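Student: I should like a close look at a single part of this model, the surroundings of the ligand. Please set that part in the context of the domains and of the nonpolar core.

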Amino acid sequence: MNWYTEQWSKECKFSIAYEKELYSEKTPFQQIDFYQGTEFGTFFTLDGLMMVNEKDEFIYHDMIVHPAFATNPGIKKVLIIGGGDGGTAREVLRYPTVEEVVMAEIDERVFRLCQQYLPVTASGVEEDSRMKLHFEDGLEYVRNAPDHSFDLILVDSTDPISVGEGLFTTEFYKECYRVLNDEGILINQHESPYFEEYATNMKKARKKIKSIFPITNVYQYHMPTYPSGHWLFGFASKSFDPIKNLDAEAWGKFGLKTKYYNTNLHVGAFGLPNYVKEALERE
Ligand code: AAT
């Protein structure tokens with residue numbers, strides 16, 4: 001049996017058995033590896049870190065997309081930063097009211113390989129006429145985007161190392177603020193509170209976003225294959241509060257069948273454990 005192993009902390013490792021390595025490529029941006037296993041199905045890693053697998057991707061992609069739409073059901077223009085596997089775009093495109101989705105992904109090879117090996121997330125995305133694909137750095141994309149041009153930005157990024165680093169900077173969050181309209185919402189991959197390295201990233205991101213947006217929250221979900229399984233998204237906005245403005249009735253009318261998200265869970269997800277709240281409040 002072959003084992004894919006990820007170092008979760010200095011003294012903790014996580015392993016998944018796989019039957020075969022499907023594909024491996026070093027792009028100018030990162031090392032991409034696709035594996036085929038039984039427990040988690042097909043999965044791929046970037047620079048050796050788990051990104052997406054067939055078994056738990058629904059949790060991450062439900063939670064990055066639906067809380068924003070249940071808070072502002074009127075979202076029409078969406079910018080996805082990263083998200084090359086297509087899973088985030090897939091969920092956004094389920095809303096018939098969405099008119100335009102721009103995806104700024106730095107590495108076209110991630111998208112092309114997911115079209116080939118991970119159709120559960122990538123298939124149908126490129127074919128949707130509302131979709132605009134830009135294969136470029138997300139920071140560069142927002143620098144050049146006009147003011148007030150999006151209702152929602154979803155930062156579906158890797159960890160703040162290597163190419164993902166720019167997406168955790170104050171400059172990036174400020175540019176996001178500028179390109180969002182007055183109702184704008186920013187959701188960002190917010191790392192994890194449990195292991196030290198990830199908790200440090202979490203606190204740094206929190207501090208930066210809080211200094212820019214008037215409304216900022218963090219919410220949690222359970223992601224079995226990400227370090228510790230306890231993972232977070234940030235919710236920052238110019239006017240919408242994710243709890244006070246939650247419109248469960250309007251969201252219900254979309255009639256979307258979701259495997260993880262529902263509007264009761266929405267409220268619960270913002271209720272953080274005390275140690276997480278305290279770590280975030282210190283920032
Ligand atoms: N949908 C869950 C998968 C991801 S992958 C994150 C994507 O961000 C990758 O395709 C990567 O190429 C892209 N990316 C990284 N840096 C940039 C950048 N600067 N500009 C645009 N795209 C970028 C998220 C996994 C989260 C893992 C948490 N441990």
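**The ligand shell and its setting**

Tutor: Confidence comes before detail: the protein has an average pLDDT of 98, and 100% of the residues score at least 70. The model is a predicted one, and its overall scores are ipTM 0.98 and pTM 0.98.

The shell around the ligand holds 29 residues, of which Gly-82, Gly-84, Ile-106, Val-110 and Gly-138 come nearest to the ligand. By class, this shell consists of 12 nonpolar, 11 polar and six charged residues. Several secondary-structure elements each supply at least two residues of the shell: the strands β6 (49–53) and β7 (77–82), together with the helices α2 (87–92) and α5 (138–144).

The domain division gives these elements their context. The protein is divided into domain 1, residues 2–53, and domain 2, residues 57–281. The ligand shell takes at least three residues from each of domain 1 and domain 2.

The two domains also touch each other. Taken over C-alpha atoms, the centres of domain 1 and domain 2 are separated by 23 Å. Their contact involves 20 residues of domain 1 and 22 residues of domain 2. On the side of domain 1 that touches domain 2, at least two residues come from each of β1 (2–9), β3 (20–26), β4 (31–36), β5 (42–46) and β6. Strand β6 provides the largest share of that side, five residues. This side of domain 1 comprises 13 nonpolar, five polar and two charged residues. Strand β6 thus appears in two descriptions, as a supplier of at least two residues to the ligand shell and as the source of the largest share of the domain 1 side of the contact.

The nonpolar core completes the picture. In soluble globular proteins, nonpolar side chains tend to be buried together. Here the largest nonpolar core has 72 residues, and Val-78, Ile-80, Ile-153, Leu-154 and Ile-187 touch the most other members. Helix α1, residues 57–71, contributes the largest share of this core, seven residues. The core, too, draws at least three residues from each of domain 1 and domain 2.

Ile-80 merits individual attention. With its neighbours within four places in sequence left aside, Ile-80 is in contact with Thr-88, Ala-89, Val-101, Val-102, Met-103, Leu-154 and Asp-156. One of these partners, Leu-154, is itself among the core residues that touch the most other members.

Notes
Residues numbered from 1 in each chain as written. Predicted model: local features only at pLDDT ≥ 70, side-chain atom pairs only at ≥ 80, totals over all residues. Near = placed C-beta within 6 Å. Helix = DSSP H or I, 4+ residues; strand = E, 2+ residues; numbered from the N terminus. Nonpolar A, V, L, I, M, F, W, Y, C, P; charged D, E, K, R; others polar. Domains from an automatic or database assignment. Contact = placed C-beta atoms within 7 Å. Core = buried A, V, L, I, M, F, W, Y, C linked by C-beta atoms within 7 Å. Buried ≥ 20, exposed ≤ 12 C-beta atoms within 10 Å, placed from the backbone. pLDDT = per-residue confidence, 0-100.
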